[in-house]
Amino acid sequence: MPLDALANRLVLPLLGLLVERPAHPYELATRLNDRYRFLSTQRSSVTTLAKSLVDAGLIRPQRAKRVGNRPARTAYEVTDAGMKEFRVRVTTHIEEAPAASARFTLGLAYIGILSRTKAAAALRRRVVSRLAERDAIPAVHPGGIEVHMIEMAYWKAVLEAEIQWLSTFIGRITSRDIAWPLESSKDC
């Protein structure tokens, strides 16, 4: 785990799951592993991170509850500060994560927490960044051997596919072709 627990890659998905509904660390670890298999999360890491998020004021414990014969478990819920941090992290992941990365995928998973306007703006900034990255890829020099730079051709195709997908998604958001959870909230 990073020395700064708030830099942990699990913060955004953990907050996202708690935005969906309060939960205890065992349930959170199970849900994280079910939804994001690429994270391979340990329950002990989730428990430790939850304590750090409480210390940071991003989540708070609810009253411990006993279910059946099981020991009492403490569920956590997101605070107002946690919700604000969550939105910042979603925006940052969308705008700054590398192309085709797990970090971008996690930001995209929770884009609905932003208003349509803010989501579309963040995605437009990403398109500008990906266009600049694509345009900076050197061309194969005349007389050069294409296979010597085949990875550049591959990466350019990845960037072009992402740019196209993002442009289509932005169009769907702004045309209201896709349902949006925060229709009534303009300041999210």
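Is Arg89 buried or exposed? Keep that one in mind while we look around; the answer comes once we reach its helix. One thing to know before we start is that this is a predicted model.

Let's begin on the inside. The largest nonpolar core has 44 residues, and the ones that touch the most other members are Leu15, Leu18, Leu53, Val90, Ile94, Ile111 and Leu123. Plenty of elements chip in: α1 (11–20), α2 (25–35), α3 (43–55), β2 (76–78), α4 (80–96), α5 (102–109), α6 (116–135) and α7 (150–174) each give at least two residues to this core. The largest share comes from α1, with 6 residues.

Pick out Val90 from that list and see what surrounds it. Setting aside the neighbours within four places in sequence, Val90 is in contact with Leu12, Gly107, Tyr110, Ile111, Ile113 and Leu114.

Gly107 from that set takes us to α5, where the buried residues are Phe104, Leu106 and Gly107. Looking down the axis of α5, you'd find these buried residues within an arc of 160°, so they line one face of the helix. As for what they pack against, the buried residues of α5 meet α1, α4, α6 and α7.

Phe104 leads on to a charged residue, Glu162, which sits in helix α7. Is Glu162 buried or exposed? Its relative accessibility is 10%, and buried means under 20%, so Glu162 counts as buried. Apart from neighbours within four places in sequence, Glu162 is in contact with Ala99, Ala100, Phe104, Arg126 and Arg130. For a sense of scale, Glu162 and Pro25 are 34 Å apart in space, C-alpha to C-alpha, and 137 residues apart in sequence.

Now back to Arg89. With a relative accessible area of 15%, Arg89 is buried. Its side chain meets that of Glu85 in a salt bridge (2.7 Å, N to O). Glu85 is partly exposed, at 25% relative accessible area. Both Arg89 and Glu85 lie in helix α4, 4 residues apart, which is about one turn of the helix. There's a simple rule behind that spacing: an α-helix has 3.6 residues a turn, so residues three or four places apart point the same way.

How many salt bridges does a search of the whole structure find? There are 11. Some of them link one helix to another. Take Arg31 and Glu20, whose side chains meet in a salt bridge (3.1 Å, N to O). Arg31 belongs to helix α2 and Glu20 to helix α1, so this pair ties together parts that are 11 residues apart in sequence. Arg31 is buried, with a relative accessible area of 11%, while Glu20 is partly exposed at 41% relative accessibility.

Another pair is Glu95 and Arg125, with the closest N and O atoms 2.4 Å apart in their salt bridge. Here Glu95 is in helix α4 and Arg125 in helix α6, so the pair ties together parts that are 30 residues apart in sequence. Arg125 is partly exposed, with a relative accessible area of 43%. Salt bridges can also link up through shared partners, and that joins Glu20, Arg21, Glu27, Arg31 and Arg35 into one network.

Finally, step outside. On the surface, Ile145, Val147 and Ile150 form a nonpolar patch, and together they have about 280 Å² of accessible area. To find this patch, look for Ile145 in the loop between α6 and α7.

Methods
Residues numbered from 1 in each chain as written. Predicted model: local features only at pLDDT ≥ 70, side-chain atom pairs only at ≥ 80, totals over all residues. Heavy atoms only, no water. Core = buried A, V, L, I, M, F, W, Y, C linked by side-chain atoms within 4.5 Å. Buried < 20%, exposed > 50% of the residue type's maximum accessible area, 1.4 Å probe, protein only. Contact = heavy atoms within 4.5 Å. Patch = residues over 30% accessible without salt bridge, like charges linked within 9 Å, V, L, I, M, F, W, Y side chains within 5 Å. Areas by Shrake-Rupley, 256 points an atom, 1.4 Å probe, with all protein chains shown as cover. Salt bridge = Lys/Arg side-chain N within 4 Å of Asp/Glu carboxyl O. Arc of directions from axis to C-beta.
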